[in-house]
Amino acid sequence: MTAQRGIVIGGGAFAGLALALALRQGLGPDVPVIVADPALSLRPSRDPRATAIVAACRRLFDTLGVWQAVAPLAQPILDMVVTDSALEDATRPVFLTFAGQIEPGEPFAHMVENRHLIDALAERAEAAGVELRATAVVSYESRLEATSVTLGDGSVIDAALLVAADGARSKLRERAGIATYGWDYDQAGIVVTVEHERDHKGCAEEHFLPAGPFAILPLTGKRSSLVWTESRAEAARIVALSDAEFHRELEQRFGLRLGEVKALDKPKSFPLGYFVAQSFIGQRLALIGDAAHVIHPIAGQGLNMGLKDVAALAEVIVDAARLGIDFGQADVLERYQVWRRFDTMAMGVATNSLNLLFSNKSTLLRSVRDIGLGVVDRLPPLKELFIRQAAGLGGEVPRLLKGEAL
Amino acid sequence: MSMQSDSPNVSSANASSATVDPAEIAKFSKLSAQWWDPTGKMAPLHKINPLRLSFIRDAACRKFERNAKSLNCLSGLRMIDIGCGAGLLCEPFTRLGAQVIGVDPSATNIAAAKLHAEKSQLLIDYRCTTVEQMDPRERFDIVLAMEVIEHVTDVGAFLARCAAITKPGGLMVVATLNRNWKSFALAIVGAEYVMRWLPRGTHQWDKFVTPDELTKHLHNSKLAVTEQAGLVYNPLADKWSLSADMDVNYMVVAETAVAS
């Protein structure tokens, strides 16, 4: 007879694996932690995308013992340049620059390729005793005192809590009957990795082009990851172009600063949208990461938000378990929801306003936002506040994001 | 805020060993669900419970030199909760490894507690009895008298019995309500009439006990107070926290002299 029932996490991407690891560290070996995801059989990961890991998330990975493995493959963002331009502008006036450190020696963010991070998380989780099952959660049935989770391999687990970490199109969220509200943007993000002639020196660029932001995010070596926003129709057209034609579109937007540019992989397009789940919890169920919310990537906050969920849920669970409280019960989950839901809504509204403000050709709007950015740039305290918010260090911060162990 | 010994409002069928029929079980099961619903009638108790649990756990971990971060921090310790209700303290401390005995004079409470412990897959020794009726030779490392002394007729005699079953080198934790104008305003008028957290008539203000009186009673039973704290409610944050303010709800840790 174990004192506490275990936890099943449906979904083995960043959020699911990071939560499993955090729980394992906080709860010790007696409480079973199981991650179920068919994608766990595809190791090493082949995810071509890269992600900006802001300082707070880096601290979390550090505390979880994952950062060490990733650090040599991570490119620190040492500087950030924001410009506001029309496509045909010859020069791009710089309105906002960030010196890239939030503390001496701690960069604002790092760029890491997803596959490195996923592999490091999975490896570390396994070593810590997390049970990784390469199968899906197919159904579950919650009662007042527990939930019975059925996996694709036929096994049934009697757990205290099921965590839905199965992404934006979460099946578990759907099964729980939790609706979402939000909207689709008529925009898509084109993602491609490029090689360029000159060193980026760790500088990230974000150009607010009329169709939406065009971000150049530095990777290790003379490589960068591009996130390039277009209307959905235009994005579909661009990714279907021949290599030579795509190259012309790329050059036109990439600018001259880094010299000759060359795509290293096939560009892929991802539809952009915004939604928030109407509830982050259900009976013996908690939603984290993209299963709970998807925001516009304009401020690079998607992963950051997911890891904030991880840190908050892990803290709430571990604190309850250390008091002997059944951590899957309603009041414990409610504490998680109260902590995260307001922050999520606020971030959703903020990123939406940013997108409306910047994905626009109106001259008036352009003047207003440029004056705004100019003011921010000249007021160090305000700029610092923005940087700290963007780095995930604003609001009531969970312990893991402060780099403290649970 | 404090608990009536057999809330939520179910008349107590007192200690009897009659065989239980299905209708009775249904009633206990409903009562048990009410007790354990953190959003229902007992929500105020669930709100304050983590604070009581952490206060007791931390006192015990200091005393018995345990790591409060371990999920087994109370393993091997024998503990009794007097006036245990449906087991809101018994279950958590059992999970933390303690060997817990819960006693309550209300047979319905004990039945509700047993039903819930079974669902939680926890082994807890629940007994429908009072500390006065227990075998006087029983001994415990930790004795809990949480929100009960304001309901007993002779506080001195009750605490003497509690002291007698506390092992030498053991701990006793008492929670109760202070007696002053503020506790009248908050615990009687506020909790019973304004917020309706508790049924009216749950408490009689004149039975509340001041910290000085409690300390004296404990001293008479050869127990020394080693720690005390108030519990204060912040209505804006809807949160309870520990405080030096012991004007209304407060808790006290007392230790027996080590046998020489």
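In chain B of this predicted model, 8 strands form an open sheet with mixed pairing. Their order across the sheet is β3-β2-β1-β4-β5-β8-β6-β7. At the edges lie β3, residues 125-127, and β7, residues 239-243, and each of these two pairs on one side only. From one strand to the next, the twist averages 20 degrees.

Let us look at one end of that order. Strand β6 of chain B, residues 223-234, pairs with β7(B) in the antiparallel sense, over 5 bridges. Within this part of the structure, B:Tyr233 stands opposite B:Trp240, which belongs to β7(B).

I turn now to a helix of the same region, α7 of chain B, residues 211-220. Which of its residues are buried? They are B:Leu214, B:His217 and B:Leu218. Viewed down the axis of α7(B), these buried residues fall within an arc of 100 degrees, so they line one face of the helix. On the other side, B:Asp212 and B:Asn220 are exposed. The cover over the buried residues of α7(B) includes α5 (155-164) and three strands of chain B, namely β5 (166-177), β6 and β8 (249-256). Just after the helix, B:Lys222 takes a positive phi of about 65 degrees.

A second helix of chain B allows a check by simple arithmetic. Helix α1, residues 22-36, has 15 residues; at 1.5 Å a residue it should span 21 Å, and its end C-alpha atoms are indeed 21 Å apart, which agrees. Its buried residues are B:Phe28, B:Leu31, B:Ser32, B:Trp35 and B:Trp36. Why can we say that they line one face of α1(B)? Seen down the axis, they fall within an arc of 125 degrees, so one face of the helix carries them. Those buried residues pack against α4 (107-119) of chain B, while B:Pro22, B:Ala23 and B:Ala26 are exposed on the other side of α1(B).

Let me close with chain A and its partner. Chain A has 11 helices and 22 strands, and buried residues make up 49% of its 406 residues. Consider the contacts in chain A between residues at least 6 apart in sequence: 75% of them join residues at least 24 apart.

How many residues of chain A are in contact with chain B? There are 17, and they touch 19 residues of chain B. On the chain A side, the residues that touch chain B divide into 8 nonpolar, 4 polar and 5 charged.

Definitions and conventions
Residues are numbered from 1 along each chain as its sequence is written. Chains are lettered from A and ligands numbered from 1 in the order in which they are written. This is a predicted model: local features need pLDDT of at least 70, side-chain atom pairs count only at pLDDT 80 or more; totals for chains, interfaces and linings use all residues. Two residues are in contact if their C-beta atoms, placed from the backbone, lie within 7 Å. Ala, Val, Leu, Ile, Met, Phe, Trp, Tyr, Cys and Pro count as nonpolar, Asp, Glu, Lys and Arg as charged, and the others, Gly among them, as polar. Helices (H or I, at least four residues) and strands (E, at least two) are DSSP runs, numbered from the N terminus. A residue is buried if 20 or more other C-beta atoms lie within 10 Å of its own, exposed if 12 or fewer, and partly exposed in between; C-beta atoms are placed from the backbone. The expected span of a helix is 1.5 Å times one less than its number of residues. The arc is that of the directions from the helix axis to the C-beta atoms. Two strands pair if DSSP finds at least two bridges between them. Axes are lines fitted to C-alpha atoms, for helices over the stretch in contact, and angles run from 0 to 180 degrees between N-to-C directions.
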